[in-house]
Amino acid sequence: MAKILIAPVSTGLSADAAAKAFAAALNAQVFQAVDSTTEALLAQGKSDDWFDALVGKVAALNADNLVIEGITPDADKLFLAGKNVELALSLDAGVVLVLKSDNTDAAAVAQQLNLTKQLYTNSPGLLEGFIIDGAAAALGAQVAEQTGLTFFGSSDKLQDVSALAKREAKRLSPAQFRYNLIDFARKADMRIVLPEGAEPRTVAAAAICHEKGIARCVLLATREEVEAVAKERGISLPDSLEIIDPATLVEQYVEPMCELRKSKGLTPEDARKQLQDTVVLGTMMMAQNDVDGLVSGAVHTTANTIRPALQLIKTAPGASLVSSVFFMLLPNQVLAFGDCAVNPNPTPEQLADIAIQSADSAKAFGIDPKVAMISYSTINSGSGPDVDAVIEATKLANEKRPDLAIEGPLQYDAATVPSIGQSKAPGSAVAGQATVLVFPDLNTGNCTYKAVQRSANVLSVGPLLQGLRKPVNDLSRGALIEDIVFTIALTAVQAKQMQG
């Protein structure tokens with residue numbers, strides 16, 4: 001689907017006429033992004049809610065091509081300024097600027113467009129061109145030369161727009177990722193166990209998941225504990241939310257656990273002791289197919305969450321290790337970061353497997369995987385044992401999966417900034433456009449993801465654990481309620497995919 005956003009430049013200028021003209025030329029539907037609720041949501045700072053709703057509406061249209069009427073600038077409503085940029089990013093739409101002017105000074109007209117271009121500086125590749133309505137349309141060629149933008153004529157006389165019809169999706173936006181994730185999770189209808197059943201954030205997240213139909217959550221805690229937390233935090237507990245006292249479950253999993261761990265000589269007495277740990281108990285529920293996935297880590301360490309899974313669930317067929325990936329919801333797009341949570345010092349062979357696992361996870365959640373193997377060197381700009389390890393890992397990953405675009409070593413800026421990528425690695429299919437970034441070790445990966453998350457106020461979803469036979473996912477102990485909701489959704493989607 002080619003999506004084009006018509007963005008008025010002039011105050012009070014409607015996008016209606018231009019949108020209809022482009023829709024006719026592109027055989028597209030017209031979609032009005034702004035409705036009676038838009039201004040209220042934006043004024044309240046609820047942009048994400050609006051963007052997520054729009055993504056759902058666009059998906060429901062199922063149109064071959066779509067022309068979106070953008071927001072008209074309004075000097076009295078400054079909160080609307082720049083929202084066309086976010087709107088285009090959320091819908092992955094190319095932008096055509098619409099200017100109405102009778103000015104006969106090409107330089108003045110170009111200056112107005114160049115000022116508007118500044119809004120798009122941090123979103124390269126978004127602007128497709130412009131049209132001019134009014135007498136200034138005659139200056140189109142001169143204005144195009146002075147702005148570096150393509151001139152598409154005017155609303156009543158469009159020029160060749162065939163390039164717009166061929167426009168392909170360039171990025172997965174945070175709004176699209178959130179919409180896809182929740183939509184996939186609802187359709188999956190999975191039962192997810194939450195061992196930290198009385199932890200306040202977990203209780204709130206479970207309630208939200210039930211209200212939104214994201215997953216069927218099981219809280220391992222006594223009802224008294226959960227109800228006390230809910231009362232203290234003002235959480236309304238849905239009737240459908242399962243709350244199970246872990247003490248009532250232990251005995252039924254003693255024998256199956258002993259069977260799974262018979263090679264280690266596990267006795268029934270030891271099994272009962274271990275099953276007092278709700279993470280172990282929840283893992284056994286999954287091992288026995290009583291639940292589809294597990295989410296823990298709000299108060300437990302990563303090791304506490306992963307160790308029972310490695311002992312009782314085991315790795316998936318063909319997986320040599322368990323690794324992790326975070327989905328980083330940046331303003332412009334969603335990137336996958338791996339491995340930022342599990343493997344401290346991976347060998348080149350392990351790093352290659354992490355790259356492949358991360359690429360497959362990204363693809364499963366709608367991201368076109370272009371994998372950058374991160375280092376302090378780009379191609380041959382540096383040397384040393386650490387760079388050599390990344391070079392070897394890249395070679396091994398390409399040999400194992402020639403179907404994937406994997407390149408390295410690349411520095412972070414060379415991997416993610418188009419101009420720098422082109423300068424440092426000209427002709428690369430990954431440099432400047434990487435969507436999956438694989439870090440050389442846990443120290444680098446964990447520091448980078450937390451720096452990006454906290455300094456740029458970016459929502460990070462994960463870590464998603466890769467390589468297990470069934471989905472077990474770990475939370476950061478600093479996780480917000482929203483983080484837990486999305487991790488539950490990830491786990492539900494993963495469970496469905498693993499079941500085929």
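The exercises below deal with cores, buried residues and helix packing in one predicted model.

Residues are numbered from 1 along each chain as its sequence is written, and side-chain values use heavy atoms, with hydrogens and water left out. As the model is predicted, local features need pLDDT of at least 70 and side-chain atom pairs count only at pLDDT 80 or more, while totals for chains, interfaces and linings use all residues.

**Exercise 1. Find which residues have the most contacts inside the largest nonpolar core, and which helix gives the most to this core.**

Step 1. A nonpolar core is a set of buried Ala, Val, Leu, Ile, Met, Phe, Trp, Tyr and Cys residues joined through side-chain atoms within 4.5 Å. Buried means under 20% relative accessible area, exposed over 50%, and partly exposed in between, with a 1.4 Å probe and protein chains only.

Step 2. The largest such core holds 66 residues, and F177, F327, M373 and I488 have the most contacts inside it. Helix α20 (residues 481–499) gives the most, with nine residues. Helices (H or I, at least four residues) and strands (E, at least two) are DSSP runs, numbered from the N terminus.

Step 3. Take F177 and set aside its neighbours within four places in sequence: F177 is then in contact (heavy atoms within 4.5 Å) with L172, F327, L329, V334, F365 and V461. A second, separate core has 40 residues, including W50, F51, L66 and A88.

**Exercise 2. Decide whether L13 and N84 are buried or exposed, and list what each touches.**

Step 1. L13 is found in the loop between β1 (2–8) and α1 (16–26). Its relative accessibility is 11%, so L13 counts as buried.

Step 2. Not counting residues up to four places away in sequence, L13 touches P8, T72, V98, L99 and K100. L13 and D74 are 61 residues apart in sequence, and their C-alpha atoms are 9.6 Å apart in space.

Step 3. N84 is in helix α4 (residues 83–91). N84 counts as buried because its relative accessibility is 10%. Leaving aside neighbours within four places in sequence, its contacts are L5, A7, P8, G70, I71 and Y120.

**Exercise 3. Describe how α9 packs on α20: the angle, the handedness and the residues that meet.**

Step 1. Axes are lines fitted to C-alpha atoms, for helices over the stretch in contact, and angles run from 0 to 180 degrees between N-to-C directions. The axes of α9 (residues 200–212) and α20 come within 9 Å and cross at roughly 55°. Therefore α9 is oblique to α20; angles under 35 degrees count as roughly parallel, over 145 as roughly antiparallel, 65 to 115 as roughly perpendicular and the rest as oblique.

Step 2. The crossing is right-handed. A crossing is left-handed if the near helix is turned anticlockwise from the far one by less than a right angle, and right-handed if clockwise.

Step 3. From α9, R201, T202, A204, A205, I208 and C209 meet I481, I484, V485 and I488 of α20. This contact has eight nonpolar, one polar and one charged residues. Ala, Val, Leu, Ile, Met, Phe, Trp, Tyr, Cys and Pro count as nonpolar, Asp, Glu, Lys and Arg as charged, and the others, Gly among them, as polar.

**Exercise 4. Do the same for α15 and α16.**

Step 1. Helix α15 (residues 348–364) and helix α16 (residues 385–400) pack at about 55°, with axes 8 Å apart, so α15 is oblique to α16. Their crossing is right-handed.

Step 2. P348, E349, L351, A352, D353 and I356 of α15 meet A389, V390, E392, A393, L396, A397 and K400 of α16. By class, there are nine nonpolar, no polar and four charged residues.
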